[in-house]
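Hi,

Here is the structure I said I would pass on. Have a look at it first, and then read on for what turned up.

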Amino acid sequence: MKTVKEVSNLTGISVRTLHYYDEIGLLKPTGKSEAGYRLYDDKALETLQQVLFFREFDIPLKEIKVIMADPARDRNQILQMQREMLTAKKERMERLIASIDRILKGDNKMDFAIFDRKEIEEMFRQTYERMPEKIRQLAVDEFGGVEEWKNHYMDVVSSEDMQKKYAKMVEWYGGKEAYQAASAHPLGRDVAESYGRRIEAVIKKIAGKKNCSPDSFEVKELIGEYGFVMKQLTQVKEEAGMMKYLAWFQNSEPTKSKIDKQHGEGSAEFIAQAVEAFYGNE
């Protein structure tokens, strides 16, 4: 058994941080000495190692706690999850390194491409097949044919601006494969509508707390629920970036006016402030 001071010296984590992990239930000590000092055994140290690994990916503590406490996940499943995250990060770093190498060779244009032409063609196919027939026919008529529509789609999605946006989405999903899997298996209409009702209900609750501070416990509790539902709906691995982007979008016109009209003046701005207070620099 090791004392909190010994664990701190061993891992480089401050005693204060270890105390905080205990307070929030993320890492409870194995026991306490007769003098009341926290003690940690090898299993607790292994748990701490997993926590620190997740922190390397800037995963919020509250999210780490949910993952670690999930009875459906054993040690090997958590390690596999961490391996997949590391692989996604490695792929991203390799793309950046390749871009730098091209610049060093004289190509001054950064390559922001996330999806190649074959993958974009598959994205169009999925879009085309899932689109309701009437809307699909409107698109075909507008572009003058399926092939013309496809060429326009390919040009737009291949653009640097769109690839940058997809890069951020891929990051939220924890890797390109995870994003493609979620896109290939979307939620059914009934399930999506159910989530939509839940989201609308929690937004209404948040807007109803405009008399409270955005960083008050009761507001943070609602934002946590909002983020949890959005994560389930979108199937992202990390919702912080998505939630902050969504809050910015909702606080921009014309969406801002629609939200304020529905939930009261200042609702969109308050929700954006509350999201920022909850997720901070995550």
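Leaving aside its neighbours within four places in sequence, which residues is Val157 in contact with? Before the answer, one caution: this is a predicted model, so please read everything below in that light.

Back to Val157, then. Its contacts beyond those sequence neighbours are Ile120, Met123, Met162, Gln163 and Tyr166. Val157 itself belongs to helix 8, which covers residues 146-158. Is Val157 buried or exposed? With a relative accessibility of 4%, Val157 counts as buried, because the cut-off for that is under 20%. If you want a sense of distance, try His263: 106 residues separate Val157 from His263 in sequence, and their C-alpha atoms are 35 Å apart in space.

Two of those names come up again in a pocket. Met123 and Tyr166, both contacts of Val157, are also among the residues that line the second largest pocket. This pocket has a volume of about 310 Å³. The rest of its lining is made up of Glu119, Glu122, Gln126, Thr127, Arg130, Tyr153, Tyr179, Gln180 and Ser183. Which helix gives the most to this lining? That is helix 6, with six residues. Helix 6 spans 117-130, and helix 10 (176-184) also supplies at least two residues of the lining. Sorted by class, the lining has four nonpolar residues, four polar ones and three charged ones.

Next, have a look at Thr255, which sits in helix 14, a run covering residues 255-263. Thr255 has a relative accessible area of 18%, so this residue also falls under the 20% cut-off and is buried. Apart from neighbours within four places in sequence, Thr255 is in contact with Phe249 and Gln250.

Finally, the strands. There is an open sheet of three strands, with antiparallel pairing and the order 1-3-2. Strand 1 (2-3) and strand 2 (31-32) are at the edges with a single partner strand each, so each of them has one side without a neighbour in the sheet. How many bridges join strand 2 and strand 3? They pair in the antiparallel sense over two bridges, with strand 3 made up of residues 38-40. To find one of the bridge partners on screen, go to Lys32, whose partner in strand 3 is Arg38.

If you only have a minute, start with Val157 and its contact Met123, then go on from Met123 to the rest of the pocket lining.

Cheers

Notes:
Residues are numbered from 1 along each chain as its sequence is written. This is a predicted model: local features need pLDDT of at least 70, side-chain atom pairs count only at pLDDT 80 or more; totals for chains, interfaces and linings use all residues. Side-chain values use heavy atoms; hydrogens and water are left out. On a 1 Å grid over the protein atoms alone, a cavity is a set of points where a 1.4 Å probe fits but cannot get out, and a pocket is an open set with protein on both sides within 12 Å along at least five of seven lines; lining residues have an atom within 4 Å of a point. Grid points are joined across faces, edges and corners, and a volume is the space filled by probe spheres set on the points. Helices (H or I, at least four residues) and strands (E, at least two) are DSSP runs, numbered from the N terminus. Ala, Val, Leu, Ile, Met, Phe, Trp, Tyr, Cys and Pro count as nonpolar, Asp, Glu, Lys and Arg as charged, and the others, Gly among them, as polar. Buried means under 20% relative accessible area, exposed over 50%, partly exposed in between (1.4 Å probe, protein chains only). Contact means heavy atoms within 4.5 Å. Two strands pair if DSSP finds at least two bridges between them.
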